[in-house]
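Subject: Structure for you to look over

Hello,

Here is the structure I promised to pass on. Please open it first, then read my notes below.

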Amino acid sequence: MSKRYVQRSPFSRKKFVIDALIDVDLEIAPKCMTALVGESGCGKSTLASCLVMLERPDRGGIWFEGNEVSRCDAAELAVLRPRLQMVFQDSAGALNPRFTAGQIVAEPLEIQGGESAKNLRSRAGELMEEVGLSADWIDRRPLEFSGGQRQRLAIARAIALKPAFLVLDESLSGLDLSTQAQILNLLLDLKTVHSLTYLLISHDLSLVGQIAEFVAVMHQGRIVEQGTRQEIFGQPQHAHTRDLLNSCRVMESAFHTAGGRS
Amino acid sequence: MKYLERRVIHAVLLLVGVSVLCFLFSDLAPGSFFDEMKLNPQISAETVAALRSQYGLDQPLPVRYGRWVKSAVRGDWGYSLAYHSPVRSLLLVRARNTLLLTALATLLAWLIAIPVGVWIASRSGKWEDRLTLAGTSVLLSVPELVVTLGLLYWVVRTHVLPAGGMISVGFDELGLWGKFRDLAAHLAIPVGVLVLAGLPVLLRHVRASMVEVLKSPFMQAARGHGIGRFRLLFRYALPAAANPLISLLGLSVAGLLSGSLLVEVIMGWPGLGPLLLEASVSRDIYVVVGAVMASTFFMILGSFLADVMLVVIDPRVRVE
């Protein structure tokens, strides 16, 4: 599938054309964690937006549980949306700063409708407990939480509708290592409990190397290589994958040398 | 409560400061109300001097200011030399007429700006958005004066609406419905001009703050949960975009008394505009001071209202 952005200038006929996705062909194994890696601006987030139907591809399609999602009309989408959820990178921006934690977590339930206000509140409390937050904090606002706690809130919101597929768009970036590990463990637990399928978008190769079952490598709008983690990390076929892995190793060794000297 | 007290004290101090400056500046301006009489050969210099002392204009500035403060506290707000009446009763009638005009225009402008601004923000970059933006650019760059004169020209040619004034001759004989229709017909053009003048600024602000909010990840998240378009725009995005708009609303209130002076003068609307113009030209200084004080009062009221609304609408302000 492909996605092209066109920006017209109001003062000239020149158009700026960006081909964000070019003939992307990606298969995501159910109930597994697939990682999508690639450098900044290679189209990872565009692909994520298309997968959860925030954007529509220009050509090609997206299939989910046998339905062609990209062809669905509004009514069919309304049924599908709860099954496809996303956790964003910037947890501070992804949570409405005017809402309380309870309102945020219950937001998807409320949008989908059919629950009383009292039920919503108790459901919100349960969801908060499930992601390791105290239900006593239900009336706090996002700014009163730490970065890791906010990301937990975002995850609670994403699983509120019991989705089957969760896109984690750089959800672990910007957190310190120990918080990252805690959130990661939470995600892995939830995956088993709810039999979730993950697409983890990341530029952190060492993280991907530890937890992903499948890896896809993106470069300038194309998927250049995909396979199991062992295949990609063991025998990288594409030059770009080798570059990525090498740069990662160079960084690590530089880090070690610097650490040894001090 | 403490906060409210502080605000009130602040407001009173501000009003005192403005009144002092007002007196100083009107004293710096050359000439006085009775100067024109000096040119009249039929009025002797003694008569003019007697009139000056009768109205206390021969006194030094601090004494005049003190007398004015006394009269203001009494509720008269000084004495109009041209109308031979206390300034307050003069201003009240005029301010009522001005408020009728400006409140209607401001209300209309906001009622148009919010839905249209939200709509074009949701169509940002599309042809509807660009067309509206181009329209606001045109409106912004055409002076109010030109718009008024253009409409006046059209009215004079076609006679569909009255070309000035507030009521027709024989207004008192009309029934209630007739009075309403007559007033509405006279209001149409000045209100129209004021709406056209105020709308582009409001529209652009509503659009800009909505575009900003719609880009934020939490709006994307809400869309991902399957929120309806109308609900997303008006229940989620609009409250999040409201803070700058509330400040703008405060400015709208602040301009209620002073925003329509030019239009009133051209359209012969018996509001504060023509009164202020006459009073400035003839150095009827207490009327000028009174009108400036009334505008200042609305300015303070506007910013106060904006602050209160901010606390009501944004929960974060309450926490802090």
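**What I found**

Chain B has 15 helices and 2 strands. Please keep in mind that this is a predicted model. Along the principal axes, the C-alpha atoms of chain B fill a box of roughly 85 × 60 × 40 Å. Chain B has 320 residues, and 31% of them are buried. I also looked at contacts in chain B between residues at least 6 apart in sequence. Of these, 71% join residues at least 24 apart.

**The cores**

The largest nonpolar core has 99 residues. Five residues have the most contacts inside this core: Leu51(A), Val105(A), Ala156(A), Val215(A) and Ala237(B). Which helix gives the most to this core? It is helix H8 of chain B, residues 176-214, with 13 residues. Another core lies apart from it and has 22 residues. Trp68(B), Val87(B), Ala291(B) and Ala294(B) are among them. As background, nonpolar side chains tend to be buried together in soluble globular proteins.

Take Ala156(A) from the 99-residue core. Setting aside residues up to four places away in sequence, Ala156(A) touches Val105(A), Leu127(A), Met128(A), Glu130(A) and Val131(A). Val105(A) is itself one of the residues with the most contacts inside the core.

**Where the chains meet**

How many residues of each chain are in contact with the other? Chain B brings 17 residues, and chain A brings 21. On the chain B side, three helices each supply at least two residues: H9 (217-224), H10 (229-240) and H15 (315-319). H9(B) gives the most, with 7 residues. By class, this side of chain B has 9 nonpolar, 5 polar and 3 charged residues.

**Two helix pairs in chain B**

Start with H8(B), the helix that gives the most to the largest core. Its partner here is helix H11 of chain B, residues 242-254. The two axes come within 9 Å and cross at roughly 160°. An angle over 145 degrees counts as roughly antiparallel. H8(B) and H11(B) are therefore roughly antiparallel to each other. H8(B) passes H11(B) in a right-handed crossing. From H8(B), the residues that meet H11(B) are Leu202(B), His205(B), Val206(B) and Ser209(B). On the H11(B) side they meet Pro244(B), Leu245(B) and Leu248(B). The contact divides into 5 nonpolar, 2 polar and no charged residues.

The second pair is helix H13 (residues 272-281) and helix H14 (residues 285-313), both of chain B. Their axes come within 8 Å and cross at roughly 140°. That makes H13(B) oblique to H14(B). H13(B) passes H14(B) in a left-handed crossing. H13(B) makes the contact through Leu272(B), Leu275(B), Leu276(B), Ala279(B) and Ser280(B). H14(B) answers with Val287(B), Val288(B) and Ala291(B). By class, there are 7 nonpolar, 1 polar and no charged residues in this contact. Ala291(B) also belongs to the core of 22 residues.

**Loop residues in chain A**

Most residues other than glycine have a negative phi. Two residues in chain A are worth a look here.

Phi of Ser195(A) is near 40°, a positive value. Ser195(A) sits in the loop between helix H7 (177-194) and strand E8 (197-202) of chain A. Is Ser195(A) buried or exposed? Ser195(A) has 10 other C-beta atoms within 10 Å, so it is exposed.

Gln220(A) also has a positive phi, near 45°. You will find Gln220(A) in the loop between strand E9 (214-219) and strand E10 (222-228) of chain A. Gln220(A) has 14 C-beta neighbours inside 10 Å, so it counts as partly exposed.

Last, please look at Glu213(A). It lies in the loop between helix H8 (205-211) and E9 of chain A. Glu213(A) is partly exposed, with 14 other C-beta atoms within 10 Å. What does Glu213(A) contact beyond its neighbours within four places in sequence? Its contacts are Cys32(A), Met33(A), Thr34(A), Thr228(A) and Arg229(A). Glu213(A) and Gln230(A) are 17 residues apart in sequence. In space, their C-alpha atoms are 8.5 Å apart.

Best wishes

Definitions and conventions
Residues are numbered from 1 along each chain as its sequence is written. Chains are lettered from A and ligands numbered from 1 in the order in which they are written. This is a predicted model: local features need pLDDT of at least 70, side-chain atom pairs count only at pLDDT 80 or more; totals for chains, interfaces and linings use all residues. A nonpolar core is a set of buried Ala, Val, Leu, Ile, Met, Phe, Trp, Tyr and Cys residues joined through C-beta atoms within 7 Å. A residue is buried if 20 or more other C-beta atoms lie within 10 Å of its own, exposed if 12 or fewer, and partly exposed in between; C-beta atoms are placed from the backbone. Helices (H or I, at least four residues) and strands (E, at least two) are DSSP runs, numbered from the N terminus. Two residues are in contact if their C-beta atoms, placed from the backbone, lie within 7 Å. Axes are lines fitted to C-alpha atoms, for helices over the stretch in contact, and angles run from 0 to 180 degrees between N-to-C directions. Angles under 35 degrees count as roughly parallel, over 145 as roughly antiparallel, 65 to 115 as roughly perpendicular and the rest as oblique. A crossing is left-handed if the near helix is turned anticlockwise from the far one by less than a right angle, and right-handed if clockwise. Ala, Val, Leu, Ile, Met, Phe, Trp, Tyr, Cys and Pro count as nonpolar, Asp, Glu, Lys and Arg as charged, and the others, Gly among them, as polar.
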